[in-house]
Amino acid sequence: MAEILKGMPVAKAMTQVSAGRVEALKEKGIVPTLAIVRLGEKPSDMSYENGAKKRAEKTGVEVKQFVLPESTTQEELADVIKDINADDSIHGVLMFRPLPKHIDEKAVCEMLDPAKDMDGITSGSMAGVFMENGMGYPPCTASAVMEILDHYGIELKGKKVTIFGRSLVIGKPVAMMVMGRHATITMCHSRTTGEDFAKAGQEADIVIAALGRAKMIDASKLGRDQVIIDVGINVDEEGNLCGDVDFDAAEPRAKAITPVPKGVGSVTTAVLMKHVVEAAEKKL
């Protein structure tokens, strides 16, 4: 039986640490503050926003909401971003994406001050991840992967890590962060040939799945006694949430595995608060 790497204990431990740091900042007159920018009323955005607000309350982080209609123009959104950049009381920003189709998302993201970019949406933040220069912050989901590995004492140095997926949200930043811990990485994606795809999974010590395809990583693409981090959140044919990994097939073979749900996704709001606290400390 594999060890189940649940996310909630990780998030709880992170929240306790962040809350202590928040108290220290407040004693110096600084209240770590997160701005949440949302256009429209997407249920998924609102659900995550509610979760972030609850985590902020537990941590002691203040939240300022900028809720705009979906019809908001590019210029109107740009003005909001400019105001947030100029507001010294705001230390971090979470902007929900994708933005409505009439908005040039890339242009809007690049307007955001990288120092306030809590979720790796600016090129400045991503440059910081790739160059390891401390500028900006990685995407929260990518950071959540690392937090889970650290919490459960999973060593990366000298290990073979296969990453399924090459997105800027997870695959690429995780690859850089894992290499920064002296692991050897193999990255697979939709154009990787079937034989190489399976071999890369079978030979890995640690598998990180971030393809966005329900149960695509089955037993034929896995070895034994591996650590499996499943980042995917999908809906299967029965309408149930599932990951990119076929959990029922992988769990008996694995050394440790994250569940979906209650795995990586449970940690992201705790990471978001950690980033806000770090931004406030840098401001100090």
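Here is a short tour of one threonine and a couple of ring pairs in this predicted model.

**Stop one: Thr122.** Select Thr122 and you land in the loop between helix H4 (105-111) and helix H5 (123-131). Its relative accessibility is 2%, so Thr122 counts as buried, the cut-off for that being under 20%. Now add Asp117 to your selection: the side chains of Thr122 and Asp117 make a polar contact at 2.8 Å. To see what else surrounds Thr122, skip its neighbours within four places in sequence; the residues in contact are then Cys109, Glu110, Leu112, Pro114 and Asp117.

**Stop two: the rings.** How many aromatic pairs does the structure hold? There are 2. Start with Tyr48 and Phe96, whose ring centres sit 6.2 Å apart; their planes meet at 85°, so this pair is edge-to-face. The pair links distant parts of the chain, with the two positions 48 residues apart: Tyr48 belongs to helix H2 (residues 43-59), while Phe96 is in the loop between strand S4 (92-95) and H4. Switch on a surface and compare them: Tyr48 is partly exposed at 26% relative accessibility, whereas Phe96 is buried, with a relative accessible area of 9%.

Next, select Phe164 and Phe197. This aromatic pair is tilted, at 4.6 Å centre to centre and 35° between the planes. Here too distant parts of the chain are linked: Phe164 is in strand S5 (residues 160-164) and Phe197 in helix H8 (residues 194-203), 33 residues apart. Are these two phenylalanines buried or exposed? Both Phe164 and Phe197 are buried.

Conventions
Residues numbered from 1 in each chain as written. Predicted model: local features only at pLDDT ≥ 70, side-chain atom pairs only at ≥ 80, totals over all residues. Heavy atoms only, no water. Helix = DSSP H or I, 4+ residues; strand = E, 2+ residues; numbered from the N terminus. Buried < 20%, exposed > 50% of the residue type's maximum accessible area, 1.4 Å probe, protein only. Polar contact = N/O pair within 3.5 Å; in protein donor to acceptor, adjacent residues only side chain to side chain. Contact = heavy atoms within 4.5 Å. Phe/Tyr/Trp six-rings, centres within 6.5 Å; stacked < 30°, edge-to-face > 60°.
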